[in-house]
Amino acid sequence: MRMTKIASVLMGCLVACSCSASGAGGSMDGGDEVAAPDGNIETAPTGDGASDAASPAMRALDWVLEALNGGPLTESDVAARFAPAFLAKVPVAQLIKVLQQLSAARPFTLVGLEGPATDRMLVAVVTTGSHQYLRIAVATDAAGRMQTLLLQPAGDLDPSLSSWNAVDQAVSSLAPKAHLMAATITDSGCAPTHALGAEASLAIGSSFKLWVLAALAREIGSGAHAWTDTLPIADAHKSLPSGVLQDQPAGTPVSLLELANNMISISDNTAADHLLFFLGRPTVEAMLATTAHHDPTLNQPFLSTRDMFNLKLMVTPAQQQAYIAAGVAERRMLLQTFDATYDPRTYLGPAWLTPRAIDTLEWFATPADLCNVMRALKTAADQPPTARIRDVLSLNPGLANPGGAFSYVGFKGGSEPGVLNMTWLLQRKADQKWLFFTLTFNDVQNAIDEDQAIYLAGAARSLLAAP
């Protein structure tokens with residue numbers, strides 16, 4: 001439902017995340033795009049005096065590395081280093097704060113450049129003090145000021161995570177409960193190629209929105225509705241962020257396509273709740289059975305995000321326990337009572353930083369459940385009336401696509417304290433096979449280390465790049 005760390009604002013983007021529809025892995029820029037890395041790393045210039053004759057992009061990179069390694073940061077210097085379009089999206093004070101936070105991982109050591117570089121743009125590979133690999137993408141304007149700065153974890157480059165055995169060990173050590181699965185998607189179903197803890201049904205956070213999207217696709221595919229149909233924003237269905245639609249005035253018309261785009265690309269909770277109640281809980285619950293969820297009753301009633309916030313932030317402990325102990329019919333009545341009584345947007349309590357009942361109040365799925373719903377969405381995307389599903393899922397790719405190993409990347413993730421899920425639908429460029437990959441962590445006691453989880457996801461997903 002929400003992400004808590006800078007590294008996870010858009011699933012993998014550490015600084016200067018995109019505010020456009022490109023989502024995670026995008027760049028905040030004023031024009032030029034950074035070339036996609038092709039996987040080749042060349043040694044970068046080093047040594048005294050190397051920067052004197054360097055390109056504007058190399059000089060910008062040198063400054064970024066100095067800042068990340070604890071160098072002095074003044075507002076005047078930072079303002080002079082970045083283009084106005086960049087600073088309009090990331091103010092100087094915020095940028096300084098982010099760089100200072102990231103510097104805790106120093107030293108940052110330059111390994112080399114990845115892919116083609118020009119005078120004005122490059123992608124560098126660095127290691128941190130904890131021996132993790134990062135990509136730093138930089139692009140400058142004609143005056144040498146940075147208009148793109150993007151840092152992303154590059155677990156795919158880590159030689160210590162170059163096998164499924166190594167990934168499994170790292171995943172198992174990160175949280176008490178975890179599962180992952182890689183699979184090939186065929187006309188007949190999902191065929192797992194590697195799995196860890198695949199029998200476990202774990203909390204998946206906002207990845208529940210995949211079932212909402214699948215139910216919407218069925219309605220549109222049947223001709224009952226069209227992508228251009230609109231819904232008015234209703235105060236009764238406004239939720240807490242993530243998202244932006246909660247800030248729209250009541251009555252604002254929003255198309256079903258825009259609601260779907262927001263729900264998936266930026267995990268807009270208000271968009272999800274509007275679609276859930278437009279479709280109806282029973283319709284979305286039926287989609288669990290349609291996609292062969294192993295136990296649909298685990299997600300009945302199918303909670304809205306507003307329901308979840310009410311249950312975790314607003315109700316009394318006694319009310320929460322009564323809900324957990326109740327049967328499905330009584331739960332439905334309790335949700336109506338809570339919704340009429342509480343509005344989570346008025347919450348004034350302490351920050352939500354630790355896990356809260358993630359094993360009883362959440363949305364639950366196994367890797368196979370997630371593969372089945374992604375397969376259903378792929379099937380919908382192959383049909384003309386619902387072909388837009390392909391675009392909706394690919395707005396936010398979750399992680400960069402080094403070397404263009406995948407010709408299609410669809411993604412949905414979800415998190416709350418103690419929960420992190422990342423799920424992909426992929427088409428491999430080398431053989432055009434359709435693939436699935438998911439990784440989930442649950443910890444009832446502690447928040448998940450999202451930086452490390454994303455790093456491991458990148459390493460694991462890279463193992464699918466070659467046939």
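# A walk through the sheet and its disulfide

Let's start with one pair: tyrosine 408 sits opposite glutamine 427, a residue of strand β13. Before going further, note that this is a predicted model, in which local features need pLDDT of at least 70 and side-chain atom pairs count only at pLDDT 80 or more, while totals for chains, interfaces and linings use all residues. Residues are numbered from 1 along each chain as its sequence is written, and side-chain values use heavy atoms, with hydrogens and water left out. The names of helices (H or I, at least four residues) and strands (E, at least two) refer to DSSP runs, numbered from the N terminus.

Now for the neighbours of β13. Strand β12 (residues 406-416) runs antiparallel to β13, and 10 bridges join the two; strands count as paired if DSSP finds at least two bridges between them. The hairpin of β12 and β13 has 2 residues between its strands, and glycine 418 in the turn has a positive phi of about 90°. Strand β14 (residues 434-442) is also an antiparallel partner of β13, this time over 9 bridges. Here methionine 422 stands opposite leucine 439 of β14. Between β13 and β14 the hairpin has 5 residues, and glutamine 432 takes a positive phi near 65°.

So how enclosed is β13 by the rest of the structure? Largely, because 10 of the 10 residues in this strand (residues 419-428) are buried, which means under 20% relative accessible area (exposed is over 50%, partly exposed in between, using a 1.4 Å probe and protein chains only). In a regular strand, side chains alternate between the two faces of the sheet. In β13, Val419, Asn421, Thr423, Leu425 and Gln427 point one way, Leu420, Met422, Trp424, Leu426 and Arg428 point the other way, and all are buried.

Zoom out, and β13 turns out to belong to an open sheet of 5 strands, ordered β7-β6-β14-β13-β12, with antiparallel pairing. At the edges are β7 (189-196) and β12, each of which pairs on one side only. Neighbouring strands are turned by 15° against each other on average, direction ignored; axes are lines fitted to C-alpha atoms, for helices over the stretch in contact, and angles run from 0 to 180 degrees between N-to-C directions. Helix α5 (residues 164-174) packs on this sheet, touching β6 (177-186), β7 and β14, and its direction makes about 140° with that of β6. Contact here means heavy atoms within 4.5 Å.

Edge strand β7 leads on to a disulfide. Cysteine 190 and cysteine 371 form it, with sulfur atoms 2.2 Å apart, where the cut-off for such a sulfur pair is within 2.5 Å. This link joins distant parts of the chain, as cysteine 190 is in β7 and cysteine 371 is in helix α13 (residues 367-381), 181 residues apart. At -100° about the S-S bond, the link is left-handed. Cysteine 190 is partly exposed, at 23% relative accessibility, whereas cysteine 371 is buried at 0%.

Two more stops. Threonine 140 is in strand β4 (residues 133-140) and is buried, with a relative accessible area of 0%. From threonine 140 to alanine 57 it's 83 residues in sequence but 6.1 Å in space, C-alpha to C-alpha. Asparagine 262, in helix α7 (residues 256-265), is buried too, at 13% relative accessibility. Leaving out residues up to four places away in sequence, asparagine 262 touches Val244, Leu245, Ser267, Asp268 and Ala271.
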